[in-house]
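Let's take a friendly walk through this structure together. Have the sequence and the 3D view at hand as you read.

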Amino acid sequence: MRTSNLPPMDLEEIRRALVATCQSTDQEQNEAIGAGIAADTARHFRAQALMAHSRPSPSSLLDCARQQWFKAQGVKPEHPNPPHWFYRRALGTMSEVFWNLVLGQSHPGLGVQPFSASVFISPGVYGWPDGQFPALNALVEFKCLSGWGYNGVRLKGVREAEPGHYMQVQLYMHGAGWPWCLYLACLPDLGLMQNILQREKRYQDLELPFFYLEWIRKDDDTIDRGLERIAWLQRVLAQAEPPAAEYDPTLQRKGKPVWPCSGCPFPKACLELQARV
């Protein structure tokens, strides 16, 4: 499908429509959104739990190959995830329910239709886009980000600030056949992040928006690189020996590993392998 240079709907129009819906004093509309959240939350969580995820996964395709190999081999994580990660995931899932309803209430063209089945991306690899706008021939992808992650996307855009997200939506567009994806990001505590940023002189007058919007256009070059990495990872993950680390696990700041190794579930095993190199 040839991709139009123009997004299917003006971004500022979408932004104004969402703000108007969230600021609305229309009791009937607000009750409809509230009732929808109550009705859809359990169903949405259940659907999320039942989704089968392929390996490699479009959402973690750019993660370190060695970390993905450990997971594919069933290696037990060396430490449990921080408890707030579970909280963040739950908030992210609930935010999808909220934005689905608000988008639909905001504009006739923004009614979100969920996918009833995964989309084929590559042999053995499937994806679950968050939803689609049939009226716009476009996907929608929701993200609930950390404060710094949100500010990075706001300032730099998705491609530069969150290359993993950019790759994910490119592969989703490839699988679903849509030429555009609306990326909608929010964060759990806007007030806290705004307070932190306003301590810096350059941000003293900042009014941090409570959501971020960006149209992402289908990019065939990125898709080709993603498909090549999928094929490479499929070979690597099937090997008996682990691949080289794609980041340096020995790098530290103030005695602790730097990102992304700071979030790795297998730091000791990775360092032991690194010592043999």
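**Aromatic pairs and an open sheet**

Both Trp-69 and Phe-70 are buried in this predicted model. Their rings form an edge-to-face aromatic pair, with 5.6 Å from centre to centre and 65° between the planes. The count of aromatic pairs comes to eight.

Another of these pairs joins Phe-98 and Trp-99, again edge-to-face, at 5.0 Å centre to centre and with 75° between the planes. How do the two residues stand with respect to solvent, buried or exposed? Trp-99 has a relative accessibility of 3%, so this residue counts as buried. Phe-98, with a relative accessible area of 29%, lies above the 20% limit for buried and below the 50% limit for exposed, and is therefore partly exposed. Phe-98 and Trp-99 also belong to one aromatic cluster together with Phe-210 and Phe-211.

Now turn to the sheet. Four strands make up an open sheet with mixed pairing, in the order β3-β4-β5-β6. Because β3 (131-133) and β6 (212-217) each have a single partner strand, they stand at the edges, and one side of each is left without a neighbour in the sheet. On average, neighbouring strands here are turned by 30° against each other, direction ignored.

At the β3 edge, the pairing with β4 (residues 138-144) is antiparallel and runs over three bridges; Gly-131, for instance, has Val-140 in β4 as its bridge partner. Helix α4 (residues 83-106) packs on the sheet and touches β3, β4 and β5 (180-186), its direction making about 140° with that of β4. Helix α7 (residues 163-176) packs on the sheet too, touching β4, β5 and β6, and its direction makes about 150° with that of β4.

Note on methods. Residues are numbered from 1 along each chain as its sequence is written. This is a predicted model: local features need pLDDT of at least 70, side-chain atom pairs count only at pLDDT 80 or more; totals for chains, interfaces and linings use all residues. Side-chain values use heavy atoms; hydrogens and water are left out. Two strands pair if DSSP finds at least two bridges between them. Helices (H or I, at least four residues) and strands (E, at least two) are DSSP runs, numbered from the N terminus. Axes are lines fitted to C-alpha atoms, for helices over the stretch in contact, and angles run from 0 to 180 degrees between N-to-C directions. Contact means heavy atoms within 4.5 Å. Rings of Phe, Tyr and Trp (its six-membered ring) pair if their centres lie within 6.5 Å; planes under 30 degrees apart count as stacked, over 60 as edge-to-face and the rest as tilted. Buried means under 20% relative accessible area, exposed over 50%, partly exposed in between (1.4 Å probe, protein chains only).
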